[in-house]
Structures are given as C-alpha cells and as structure tokens.
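Student: Hi, could you walk me through the cavities in this one?
Tutor: Sure, let's look at it together.
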Amino acid sequence: MGDPRAFLNIARQEAGYRPVSERITDYSQVEQTLNTNSRKLQASRCMDCGVPFCHWACPIGNKQPEWQDALYRGKWKEAYEVLSSTCDFPEFTGRICPALCEKSCVLKLSCDQPVTIRENEAAIVEAAFREGYIQVKTPERNGKKVAVIGAGPAGLVVANQLNLKGYSVTLFDKDEAPGGLLRFGIPNFKLDKNVIDRRMKILAAEGIRFEMGVEIDVNHLPEGFDAYCICTGTPAARDLSIPGRELKGIHFALEMLAQQNRILAGQTFPKDKLVNAKGKKVLVIGGGDTGSDCIGTSVRQGAVSVTQIEIMPKPPVGYNPATPWPQWPVVFKTTSSHEEGCTRRWCLASNQFLGKNGKVTGVEVEEVEWIPATDGGRSTMKPTGKKEVIEADMVLLAMGFLKPEQPKFAENVFLAGDADTGASLVVRAMAGGRKAAAEIDTYLTKV
Ligand code: FAD
C-alpha cells in the first residue's frame, strides 16, 4: 500500500465547483478537477483498512483501496484495470454517484474527512480515455442472442457484460438515444452527454446493436432471442392528487429536465410545449436528486425565485447517532444546485394548488410534525393546522417514481435496475445489471 500515515498530514481536498456566478450562465459541468500531483496525494490518504467498509458499502463492490494505492504510485493503467474490473462505466459513477463508499470511509467516521474516492475514480477513467488504455475489444461470438430492453445504466451494463462474453446483444430503447435517465433526466451540468456518447461509440464498435426509438411491449417480446433482460426503469412519476392539480403550470420534474437536455442536444419545441422557468416563481415539491436538478435547471433558465419544500424534517447536520453507521440518509441531499439560489423549507405538506384563470398562482401548505414511534417503527406525521400560501407560477413535482408492476415473465426473461428494485441510484442499477448478466449467462450456458 501507499503511505499509511499520509492522512495525518494531508487534508481532504475537493476539486470544488466553478464559481456560482459563472456556472449559472451555462449548462456545462460544474465540477472542476485537480492536477495530477494533488490527485495522487488525495489517493495517498487511503489507509487500506483491514476491513474496507468502502468496498462493502459499494453496490458494485469496487476495490477502492487497491486502486487508490495504484493511483498514489502513479500507476494509472493499473488503477483503471482494477477499477474497471468491477465498474463498467466509472465515468458515470465518478461524476454522479452519491459515493456510498465515502460515507463509509473510516476517515469519514473518525474526522469527517473521507478519501475523495469518487473524484479519484473520475480522474482514473479520464486518464484511461486520454492515454488510450480503453481499447475496443472484439469478443468471439458464441451463437446466442440476447435482447436488452431499456438502455439506461442497468441495460447498458447487461449489454456490455454479455457482449464481452460473446453473446450477440441487441439493445432496444424507446428514446432516440441511449443512456436512460443519464441522458434524459440528469442535467448536463452534472453529467455532460459527450461522456455518454464517447462510451456508446466503444460499445457499438464492440458489436452491441442499438435499436433506438423502438418501444417494446414487454408482454410481447420480439422473437428470435435466447434470453431477454427488462431494464425499463420507473417511468411513472408520483403525482400529487390535491385540489387544483389540473391548473396550468404544474409539471412533473422530468417534463422540464428531459426537455432541457433535448434542447441542449439541438432539438426544438413549439413555444406552447416549452416547460421553462424564465421569469417565474418556481416551487419544487420534493427534496431528492430530482428536486435539486430542477433547482439548478430553473436557475439557469432564469427563474425569478426558486423554493423547495419537503414534507420530511430537516436532517441533522453531520453524523446522526439515530442512523446506525455505516448507514446514512440518502434523501434531502445538498447538491451544487442549492447554493445557486434556492430557499429550502421542511415539514411542509401541500394541501391545495391555488390558481387564477386556469393557471397556478400558489400552493397552500401546512406545517406538519413528525411524532417518533415508541416501538422503534416509523414516525407518524401530524398536521399542525399552521397554513400559509407559497406563491408560485410554476410548480415542479419531484416526489419520486412508482415501482412498476411487472407481468409474470417466462423463464428466459430477466429484470434489472430500477424496473426491478424501484427508483434508486445509478450505481445500484449498474450492480443489478451485473447480477442479471451473470444470471443470464448461467441460464444460457445450461440450455
Ligand atoms: P433508466 O435510467 O430509467 O433507463 C430505463 C430506460 O428504459 C430508458 O431509456 C427508457 O426510455 C427505456 N424504456 C422504458 N420502457 C421502455 C419500453 N417499453 N421499450 C423500450 N425502452 C423502454 N442516481 C444517482 O446515482 N446519482 C444522481 O445524481 C441521480 N440523479 C438523478 C436525477 C434525476 C432527475 C432522476 C430522475 C434520477 C436520478 N438518479 C440519480 C437515479 C438514476 O438515474 C436511476 O436510478 C438510474 O438511471 C436507473 O437506471 P435504469 O437503467 O434502471 O433505468
């Protein structure tokens, strides 16, 4: 291992974001990078713990201590080889993973200064692309065919893993381009779409067939394949069925986010179909990833004000003894978007939308209390009767997604990603993709 005592002298250094005043004028990635030497020093802080909690917390089982050590020694190719042995697309997770590994790092627990694992991962994969360590592989075909439905992170991992094993893989997606929520959900300022395109070129050169713009009825799967993997995500957003829901100006978050990403990709929309916050008072309902992406997008579009409300209480700052380590709350995250201009409020339930001439003008909200359960179960919510109106001429619903009901599938049909687990994280979708690919391989090896 590298330098077991480095963490005593070297502080955690994040690359940080571009200044707010600059970044809100464009949609380019907000996160910056460190120089090579600083990056190696950051990797040296890894203590190579005997029991690497980072590894166990990572859904794909990344071997963080091993690639931190290679990075510290300047062995970038070796670092990439170890990293890519467990992670198909570190350029995605290196940018947008909430880094469960860092929350479990012993340096997080002991001094709240975890190793910059996610940033180090991004640096390794970028070096690998730059230095040409990522080469097109041409696997020998085994004569069996697999259809993957859905080209989000889960489907891409299934396709990649099976293609590399010699299966002929066709990837179907109803959207015009692959990536799923990476492309048509997550804003460019978190993940530039060139990063997806760069990888898709390699996958196509390696033999994966992309059938984009093709919606598949999962009850009538296309014929001619030996196995299928359904990776269709969680397309249905949770609605808020309260009085006034029919008013104009109330949108699901993805209506705005997907449209903005398409506009940045060069598409145009008629004026009456635009979901744009320019000159509007925006209210975002929901405090997760989707909500924060709505904030950053509204700010860039030119909103007059952005308020975000959440029904749950404000989370405690720092380590929460009520949450057994190494678990942590993954909602209510503070992201780069919050510091770009947003008022955040907690413990507010929405009672009704208010409007004039058919358009939304505000939301009546009511403060709620959360009563802890005495039996260790879930807290219960109690409305307090304290009501107020938050003015808004655009409301974005970002309250999560419904887990799809799946039909009973035949023996050769597998499931992966959010379609299987319900809405989750990119890294979990990728983990599900690896698991499903292994199961498909086992199944097809037997038949
Ligand atoms: P998806 O990414 O949803 O992909 C499913 C694909 O299936 C889509 O391309 C869809 O078009 C296609 N499809 C659906 N039905 C059909 C059909 N019948 N025929 C053909 N194709 C079909 N996670 C993080 O880790 N970090 C983040 O920062 C983060 N930010 C997020 C921001 C937003 C706005 C949202 C909505 C989610 C975010 N997530 C984030 C969650 C993450 O994006 C998802 O967990 C992940 O994309 C799920 O991957 P998936 O492949 O299962 O599904």
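Tutor: The second largest cavity has 16 lining residues, and C58, N62, C97, C101 and E121 lie nearest its centre. On a 1 Å grid over the protein atoms alone, a cavity is a set of points where a 1.4 Å probe fits but cannot get out, and lining residues have an atom within 4 Å of a point.
Student: Which elements give two or more residues to that lining?
Tutor: Those are α5, α8 (100-104) and α10 (117-131), with α10 giving the largest share, three residues. Helices here are DSSP runs (H or I, at least four residues), numbered from the N terminus.
Student: Before I go on, what sort of model is it?
Tutor: It is a predicted model, where local features need pLDDT of at least 70 and side-chain atom pairs count only at pLDDT 80 or more, while totals for chains, interfaces and linings use all residues. Residues are numbered from 1 along each chain as its sequence is written, and side-chain values use heavy atoms, with hydrogens and water left out.
Student: How many cavities of 30 Å³ or more are there?
Tutor: A search of the whole structure gives five. The largest has a volume of about 110 Å³, and the second largest about 100 Å³; volume is the space filled by probe spheres set on the grid points, which are joined across faces, edges and corners.
Student: And which residues lie nearest the centre of the largest one?
Tutor: C46, M47, C49, C54 and C105, out of 15 lining residues. Elements giving two or more residues there are α4 (53-57), α5 (64-72) and α9 (106-111).

Technical notes
1 Å grid on protein atoms, 1.4 Å probe; cavity = no way out; pocket = protein on both sides within 12 Å on 5 of 7 lines; lining within 4 Å.
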